[in-house]
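Reader: I would like a close look at one part of this protein, namely the surroundings of its ligand. Please take the time to place that part within the whole chain.

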Amino acid sequence: MRVAMIGTGYVGLVSGACFADFGHTVVCVDKDERKIQSLRNNIMPIYEPGLDDLVARNVKASRLSFTTDLTPAVAEADAVFIAVGTPSRRGDGHADLSYVFAAAREIARASQGFTVVVTKSTVPVGTGDEVEIVIGEAAPDADIAVVSNPEFLREGAAIEDFKRPDRVVVGTDNDRARKVMAELYRPLFLNASPILFTDRRTSELIKYAANAFLATKITFINELADLCENVGANVQEVARGIGLDKRIGAKFLHAGPGYGGSCFPKDTLALMRTAQEAGSPLRLVETVVGVNDARKTAMARKIATSLDGDVRGRTIALLGLTFKPNTDDMREAPAISIVHALLDKGARIRAYDPEGMEEAKKYLPDSIVYTGSPYECAEGADALVIVTEWEAFRALDLVRIKELLNKPVIVDLRNIYRPAEMATLGFSYESVGRPL
Ligand code: UGA
């Protein structure tokens, strides 16, 4: 199959490289000349484990190429994926679809022969219908079927998620399109990954429902963590105790500083708006959004409490800035709210992140001091805060950390250390939802 992938952001690049690895011929298209030039030199615009090798291997085998020229890429393609951004629209929280529609117009004019146009970007219910209208207006004679095929990739594990998915969802009622999609994903059929064919609107909603459900699960355990702190229970054991029930499942029950990233915050908000406008508000999701927002700043209060409530003039060392490990993505990272709240309270901040510091500089105020290692970060600080659970922070030399810190205070927002061990080492140690 010949594939054109429009948009070489996170989703487009990973999906394009993986389809090429399946043996298809893929052209990744982006308007950004510099990005395309970098990709041709095997410089990735994002940090994703394994991606540079995957891209290099498939470029070498002539299955993967990069271009700014959409027209020939689309003309030759059996399937064209729209993988452009759908950011939150300023003001109302709706997904901004202008990039999706612009891409659809260009694709319509460039397509030749039967072409399947697939929306991979996360788009609200009914967007497929609108894309179909846009295409019909731009090129009334084009032979195009519009399909929904949402992605469920996690940053940091995206290649594995693409190649061994829990499921693939395809929304279409067009038989020819269904055959093209089945052929594209054939290697997964061989791996026995379930492919769910459904109608387009249902497929679009499945994506939002999945993210909203996961966000709800996290928020539920986060609120329980607060309760655990107040009644002297252990949230990790509560999570294990409920997670062993197969109906609940063990995953996404790690209490922490609140969910962030480019997906959950944006998608929960967009689903909330869609539901309100459809006259069936999702009150549960509305509450999840509110609770999660409040949680990020509550974490700054927790840090202040570990220093007797006053951080004015104190130096706080933050370990981990990205919204989760194995990415350099800072979008909606809890660290952003935490940093602002601590600075407002008069604290000084030192920070270290294994991959995210360049990105972090775009999101955080200039007053932050960036350091070259966890140890340099800890030097002279009044408290050390673990914000993101990078592997490298799990086996710190805590004796050395204690010597470097001004005060032996650790606030572990990801529960990566054991309270009893920290007490033995002489730390004043706070974590999330666990007794001291
Ligand atoms: C999420 C979904 O997991 C993917 O299936 C989906 O494709 C993607 O959004 C998307 O819509 O594109 P991602 O944002 O990469 O993927 O990250 P997750 O691993 O889901 O983590 C999201 C946030 O939840 C992070 O801030 C993480 O720290 C937090 N989290 C996750 C918790 O606080 N506790 C948990 O138990 C799990």
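Reader: How many nonpolar, polar and charged residues does the shell around the ligand have?

Author: Before the answer, it should be said that this is a predicted model, in which local features need pLDDT of at least 70 and side-chain atom pairs count only at pLDDT 80 or more, while totals for chains, interfaces and linings use all residues. Residues are numbered from 1 along each chain as its sequence is written.

The shell around the ligand has 10 nonpolar, 6 polar and 5 charged residues, where Ala, Val, Leu, Ile, Met, Phe, Trp, Tyr, Cys and Pro count as nonpolar, Asp, Glu, Lys and Arg as charged, and the others, Gly among them, as polar. In total, 21 residues surround the ligand, and the closest are Glu-155, His-254, Tyr-259, Gly-261 and Cys-263; a residue is near the molecule if its C-beta atom, placed from the backbone, lies within 6 Å of it. Two helices, H10 (200-231) and H12 (264-277), each supply at least two residues of this shell, and H10 gives the most, with 3 residues. Helices (H or I, at least four residues) and strands (E, at least two) are DSSP runs numbered from the N terminus.

The domain assignment of the protein gives domain 1 (2-198) and domain 2 (228-430), with bounds that come from an automatic or database assignment. Because both domain 1 and domain 2 give residues to the shell, the ligand shell lies between them. The centres of the two domains, taken over C-alpha atoms, are separated by 33 Å. Where the domains meet, 14 residues of domain 1 are in contact with 15 residues of domain 2, contact meaning that the C-beta atoms of two residues, placed from the backbone, lie within 7 Å. The side of domain 1 that touches domain 2 divides into 7 nonpolar, 5 polar and 2 charged residues.

UniProt, in an unreviewed entry, places the feature "domain: UDP-glucose/GDP-mannose dehydrogenase C-terminal" at residues 317-419; its positions are in the numbering used here, feature names are shortened, and annotations may be inferred rather than shown by experiment. Over residues 317-419 the chain is 30% helix and 17% strand, with end C-alpha atoms 19 Å apart.

As for the whole, the protein has 18 helices and 14 strands, and its C-alpha trace spans about 70 × 50 × 40 Å along its principal axes.
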